[in-house]
Amino acid sequence: MTAPIADQSAEQLPRPTRLSEVKGWFFTADQLLFDWFLARQRDRAEPGDLLELGAYMGKSAIFLGARRRAGERFTVCDLFDSPAEDVSNSREMRKSYATLTRRAFEANYLAFHEELPTIVQGLSSIVSDHVDEGSVRFAHIDASHLYEHVHGDILAVRELLTGSGVVVMDDYRAEHCPGVAAATWQAVANEGLRPICITGTKFYGTWGDPEPLQEALLEWIGARGDIWHEVQYVNGAPLVRLSAKGAEEPAHPVSRHRSTGARGAQRAAAQAPGASAARPGPRPPFLSRSALRRVALDVLPPVLTRAIMNARKRARTR
């Protein structure tokens, strides 16, 4: 089931003024990789649409939507607040996604974009009924932590991706969802999925040739200088592992509810997609602690100054 517009009552929900205010887990390393893969596909004019299975409050969807090219389709599939069809799935929804509603997702998304993506509200197993085979160039899977569902999502996305398409698996190593790890590495061992790289939270792979992607990725990492990485080998194939602690985030989409005034305008300019990252200017001059002490003693009344100096002398003789 799809919807072109949001429920008007979404206007009553909190309005995020920047991407960091949207609830969710989308860390710097993955923001950088999403941006890099999508920019590379854009620069090489690789055809295909965008797909996200599992949206939560829309943080990564908002980011992805800003990278959608004209004429492309961005599909988001999530159960949102619809009832699950099995006990295990219902239990997970109550535990991890009790506050998730479609209305909240739409309000967050429309704070950054003029129109909604194509929304499929339901289990991720129905996504193949709404997305054409071989039409997707980039897919993000984050719909369930249960092995059976994740395994099915991977097989569905394999048919939906283009030959060079990239799939991203969230929570592939988190201890609270071993089913995702089992489904991910089973796909590598048995379903032809070939790893490209991993971060602390996400696995990036393809059913195409990963070597050109890995070579270009390593060249980009080397040129940046602020991303730690290493190359490991899994079953004889290279796998890039990286971390971006302290690295500069890529440009964020700008909220229509962003703060006003000079400071808000400066933040909005820095967040605009395609904007060059702002470099911090020189710090204002500052006084050392000893210099501040001397200044304070100069401006204090003489009686108080003598009392402070006497107290310091007594402290040194103890």
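With which residue does Glu-72 form a salt bridge? The partner is Arg-69, and the closest N and O atoms of the two residues are 2.5 Å apart. The structure discussed here is a predicted model. This briefing considers its salt bridges, its aromatic pairs and its nonpolar cores in turn.

**Salt bridges**

- Side chains of opposite charge can pair when their charged atoms come close.
- The count of salt bridges in the model comes to 14.
- Glu-72 is buried, at 10% relative accessibility, and Arg-69 is also buried, with a relative accessible area of 18%.
- Lys-202 and Asp-170 meet through their side chains in a salt bridge of 2.6 Å, N to O.
- This pair links distant parts of the chain, since Lys-202 lies in strand β7 and Asp-170 in strand β5, 32 residues apart.
- Lys-202 counts as buried at 1% relative accessibility, and Asp-170 is buried with a relative accessible area of 9%.
- Arg-69, Glu-72 and Arg-137 are joined into one network by salt bridges that share partners.
- Arg-67 forms a salt bridge with Asp-35, with the closest N and O atoms 3.0 Å apart.
- Arg-67 lies in the loop between α2 and β2 while Asp-35 lies in helix α1, so this salt bridge ties together parts that are 32 residues apart in sequence.
- Arg-67 is buried, with a relative accessible area of 14%, whereas Asp-35 is partly exposed at 25%.

**Aromatic rings**

- The charged end of Arg-67 also sits over the ring of Phe-63, 3.9 Å from the ring centre.
- The model has 12 aromatic pairs.
- In one of them, the ring centres of Trp-36 and Phe-37 are 5.0 Å apart and the planes stand at 75°, so the pair is edge-to-face.
- Phe-37 and Tyr-204 form a stacked pair, with 5.6 Å from centre to centre and 10° between the planes.
- Phe-37 belongs to helix α1 and Tyr-204 to strand β7, so their pair ties together parts that are 167 residues apart in sequence.
- Phe-37 is buried at 1% relative accessibility, and Tyr-204 is buried at 0%.
- Ring pairs link a cluster of residues, including Phe-26, Phe-34, Phe-138 and Trp-220.

**Nonpolar cores**

- The largest nonpolar core has 43 residues, and Phe-37 and Phe-138 have the most contacts inside it.
- Helix α1 gives the most to this core, with seven residues.
- Beyond residues up to four places away in sequence, Phe-37 touches Phe-138, Val-166, Ile-196, Cys-197, Tyr-204 and Leu-213.
- Apart from the largest core lies another, of 25 residues, among them Cys-77, Val-120, Val-157 and Leu-160.

Key: Residues numbered from 1 in each chain as written. Predicted model: local features only at pLDDT ≥ 70, side-chain atom pairs only at ≥ 80, totals over all residues. Heavy atoms only, no water. Phe/Tyr/Trp six-rings, centres within 6.5 Å; stacked < 30°, edge-to-face > 60°. Buried < 20%, exposed > 50% of the residue type's maximum accessible area, 1.4 Å probe, protein only. Helix = DSSP H or I, 4+ residues; strand = E, 2+ residues; numbered from the N terminus. Lys NZ or Arg CZ within 6 Å of the ring centre and 35° of its normal. Core = buried A, V, L, I, M, F, W, Y, C linked by side-chain atoms within 4.5 Å. Contact = heavy atoms within 4.5 Å. Salt bridge = Lys/Arg side-chain N within 4 Å of Asp/Glu carboxyl O.
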